[in-house]
Every structure is written in C-alpha cells, then in structure tokens.
Amino acid sequence: MNARGGDVLEAVPRLHPEAGVQRVGDRMLAVGPDDTLHTLEDERGEASEVAERILELIDGCRTVGDIVGVLCEEFEVEPAQCREDTVSFVRLLVEKKVLVLGP
C-alpha cells in the first residue's frame, strides 16, 4: 500500500473471516479474531455515523474508492479529505483484523 492510499482505493474490503460486525442498540460494534471489541466512536466518544456507514457499505464488491464516492454523495465532505479519512479508517480495521483487503 502506498502512502497516498492509491492501492487501498482500488482494493475491495471484506470482513475478516474470523471477525464479526453487529448493531447492538443504536451502536455498531466489531469484534476481531482475538475477541477484542471495537466501538466505532468519534473524538467525542459518540457513535461515528461515517464509520458505521463505511462498514454498511462493505459488501465484498465495492472498492474503497467506490465507498469514498458514496460517502461524498451522502455527507458534506471534501473528496480529498474523505479519501484520506476513509483510507486511514480501512487501514486501521485491517490492522485490527476486522477487515481484509483483496482484489
């Protein structure tokens, strides 16, 4: 993966085979293969609507770039900032083994 995220933008994210994502009440939670619970919160500790939307959009067909396109349509965000933030979030979830990236 290059520093600008180009490789990631072309990759198709999928849920890690040993991870799970589920909505519990009004929050979406993710559990990695090591049973670590990941909450999708913003800086204020509140549920992150954008993070949850990214996980909802992961369907095994859309690339990260496709997801960025949807987010730009649905939220008032600059495309460059959306790309950067989305790539960073996807990389974080890959590190935590919640997601895997493929062609």
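**Pocket lining and helix packing**

The residues that line the largest pocket of this predicted model comprise eleven nonpolar, six charged and five polar residues. In total 22 residues contribute to this lining, and those lying nearest the centre of the pocket are Ser48, Val50, Ala51, Asp85 and Phe89. Two or more lining residues are supplied by each of three elements, namely strand E4 (37-39), helix H2 (49-57) and helix H4 (79-95). Of the contributions to the lining, that of H4 is the largest share, at seven residues. The space enclosed by the largest pocket amounts to about 540 Å³.

Helix H2, which gives residues to the pocket lining, also packs against helix H3 (residues 64-74), the two axes lying 10 Å apart at an angle of about 135°. Because angles that are neither under 35 degrees, nor over 145, nor from 65 to 115 count as oblique, H2 is classed as oblique to H3. The crossing in which H2 passes H3 is right-handed. On the side of H2 the contact involves Val50, Arg53, Ile54 and Leu57, while H3 contributes Ile67, Val70, Leu71 and Glu74. Divided by class, this contact of H2 with H3 contains six nonpolar and two charged residues, with no polar residue. Val50 thus appears both in the contact with H3 and among the residues nearest the centre of the largest pocket.

A second packing arrangement joins H3 to H4, with an angle of about 130° between the helices and a distance of 10 Å between their axes. By the angle between them, H3 is likewise oblique to H4, and the crossing of these two helices is right-handed. The residues of H3 that make the contact are Val64, Ile67, Val68, Leu71 and Cys72, and they meet Pro79, Cys82, Arg83, Thr86, Val87 and Val90 of H4. In this contact nine residues are nonpolar, one is polar and one is charged. Ile67 and Leu71 of H3 are therefore listed in the contact with H2 as well as in the contact with H4.

Methods: Residues are numbered from 1 along each chain as its sequence is written. This is a predicted model: local features need pLDDT of at least 70, side-chain atom pairs count only at pLDDT 80 or more; totals for chains, interfaces and linings use all residues. Side-chain values use heavy atoms; hydrogens and water are left out. On a 1 Å grid over the protein atoms alone, a cavity is a set of points where a 1.4 Å probe fits but cannot get out, and a pocket is an open set with protein on both sides within 12 Å along at least five of seven lines; lining residues have an atom within 4 Å of a point. Grid points are joined across faces, edges and corners, and a volume is the space filled by probe spheres set on the points. Helices (H or I, at least four residues) and strands (E, at least two) are DSSP runs, numbered from the N terminus. Ala, Val, Leu, Ile, Met, Phe, Trp, Tyr, Cys and Pro count as nonpolar, Asp, Glu, Lys and Arg as charged, and the others, Gly among them, as polar. Axes are lines fitted to C-alpha atoms, for helices over the stretch in contact, and angles run from 0 to 180 degrees between N-to-C directions. A crossing is left-handed if the near helix is turned anticlockwise from the far one by less than a right angle, and right-handed if clockwise. Contact means heavy atoms within 4.5 Å.
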